[in-house]
Amino acid sequence: MEMYSIVEQAVRVLSSGGVIVYPTDTIWGIGCDATNSSAVEKVCAVKKRNPGKSMLVLCSDFEQVMEYVTDFDEGIIAFVEKQERPTTVVYPKATNLPANLVASDGSIGIRVPRSAFCRTLIEKFGKPIVSTSANFSGQKPPAAFVDIDARLLEMADFVVPADCNDSDTGKSSQIVKIDKNGEKTLLR
């Protein structure tokens with residue numbers, strides 16, 4: 001199947017509040033429209049995840065990130081671009097995202113993926129996408145598509161074909177938290 005057709009199918013599912021399984025620049029993820037609280041609930045239900053536990057989101061670029069955080073420090077762009085590993089940044093204050101996606105302290109983890117497929121998907125969708133590992137809560141995150149539990153794949157509304165994976169590392173991203181003073185702390 002052609003990449004354009006796959007992206008279009010995934011966008012239709014995301015637009016209707018559905019859940020997708022898709023490749024990121026780290027590991028395979030389960031995602032949905034990050035601005036839709038009902039879709040976020042569905043992701044939690046599929047993963048059997050505690051709804052009070054925050055999830056990260058993927059944005060197509062830093063311009064899009066600025067729409068979902070307050071007090072964006074432009075210096076973070078150069079910092080992230082210098083990192084060897086994909087880097088998720090935990091920003092101190094989220095905006096324009098549902099409460100059931102944001103951490104209890106108001107923060108949100110956001111990554112701009114390096115994967116061409118993933119960025120194209122987010123660009124075509126026009127909004128951030130939830131990204132949490134494609135596994136049931138408490139299980140080991142899948143290093144590759146073949147490691148994803150078949151039961152989880154059946155629960156998704158759409159599964160991106162494995163051959164669309166263009167850059168996963170098989171490892172989770174590093175996570176850097178920025179406090180309200182702009183100080184950075186490596187969490188993972």
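In this predicted model, Asp71 is exposed, with a relative accessible area of 76%. Its place is in the loop between helix 3 and helix 4 (75–82). Phi of Asp71 is near 55 degrees, a positive value in a residue other than glycine. Asp71 also belongs to the lining of the second largest pocket.

Lys48 likewise has a positive phi, of about 60 degrees, although it is not a glycine. Lys48 sits in the loop between helix 2 (37–47) and strand 3 (56–58). With a relative accessible area of 56%, Lys48 counts as exposed, because the cut-off for that class is over 50%.

The second largest pocket holds about 170 Å³ of space. Its lining includes Thr70, Asp71, Phe72 and Asp73. Tyr91, Pro92 and Lys93 also contribute. Ile178, Asp179, Lys180 and Gly182 complete the list. By class, these lining residues divide into five charged, four nonpolar and two polar.

The largest pocket encloses about 600 Å³. Its lining comprises 28 residues. Arg49, Leu56, Thr132, Ile175 and Arg188 lie nearest the centre of this pocket. At least two lining residues come from each of strand 2, strand 4, strand 5 and strand 6 (129–133). The lining of the largest pocket has 13 polar, ten nonpolar and five charged residues.

Closed space was examined next. Rolling a probe the size of a water molecule over the atoms shows where empty space is left. The structure holds one cavity of 30 Å³ or more. About 30 Å³ of space lies in the largest cavity. Helix 3 (62–65), strand 4 (87–91) and strand 5 (108–111) are the elements that give two or more residues to its lining. Strand 4 gives the most, with three residues. The lining residues are Phe62, Val65, Val80, Thr87, Val89, Tyr91, Ile110, Arg111 and Val112. Seven residues of this lining are nonpolar, one is polar and one is charged. Tyr91 appears in the lining of the largest cavity and also in that of the second largest pocket.

Strand 6 is mostly covered, with five of its five residues buried. Ile129, Ser131 and Ser133 point one way from strand 6. Val130 and Thr132 point the other way. This follows a general pattern: in a regular strand the side chains alternate between the two faces of the sheet.

Strand 6 pairs with strand 2 and with strand 3. Two bridges join strand 2 to strand 6, and the two run antiparallel. Here Ile30 stands opposite Thr132. Thr132 is also one of the residues nearest the centre of the largest pocket. Strand 3 and strand 6 run antiparallel as well, joined by three bridges. In this pairing, Leu58 stands opposite Ile129.

Strand 1 (residues 20–23) has its residues buried on both sides. Ile20 and Tyr22 point one way, and Val21 and Pro23 the other way. Four bridges join strand 1 to strand 2 (residues 28–31), in the antiparallel sense. A hairpin of four residues makes the connection between strand 1 and strand 2. Pro23 stands opposite Trp28 in strand 2. Strand 1 also pairs with strand 7 (residues 158–159), in the parallel sense and over two bridges. Phe158 in strand 7 is the bridge partner of Ile20.

Helix 1 (residues 3–15) was compared with its expected span. At 1.5 Å a residue, its 13 residues should span 18 Å. The end C-alpha atoms of helix 1 are 18 Å apart, which agrees. Ile6, Val7, Ala10, Val11, Val13 and Leu14 are buried in helix 1. They cover an arc of only 160 degrees around the axis, so they lie on the same side of helix 1. Arg12 and Ser15 are exposed on the other side of helix 1.

Conventions: Residues numbered from 1 in each chain as written. Predicted model: local features only at pLDDT ≥ 70, side-chain atom pairs only at ≥ 80, totals over all residues. Heavy atoms only, no water. 1 Å grid on protein atoms, 1.4 Å probe; cavity = no way out; pocket = protein on both sides within 12 Å on 5 of 7 lines; lining within 4 Å. Points joined across faces, edges and corners; volume = space filled by probe spheres on them. Nonpolar A, V, L, I, M, F, W, Y, C, P; charged D, E, K, R; others polar. Buried < 20%, exposed > 50% of the residue type's maximum accessible area, 1.4 Å probe, protein only. Pairing = 2+ DSSP bridges. Expected span 1.5 Å × (residues − 1). Arc of directions from axis to C-beta.
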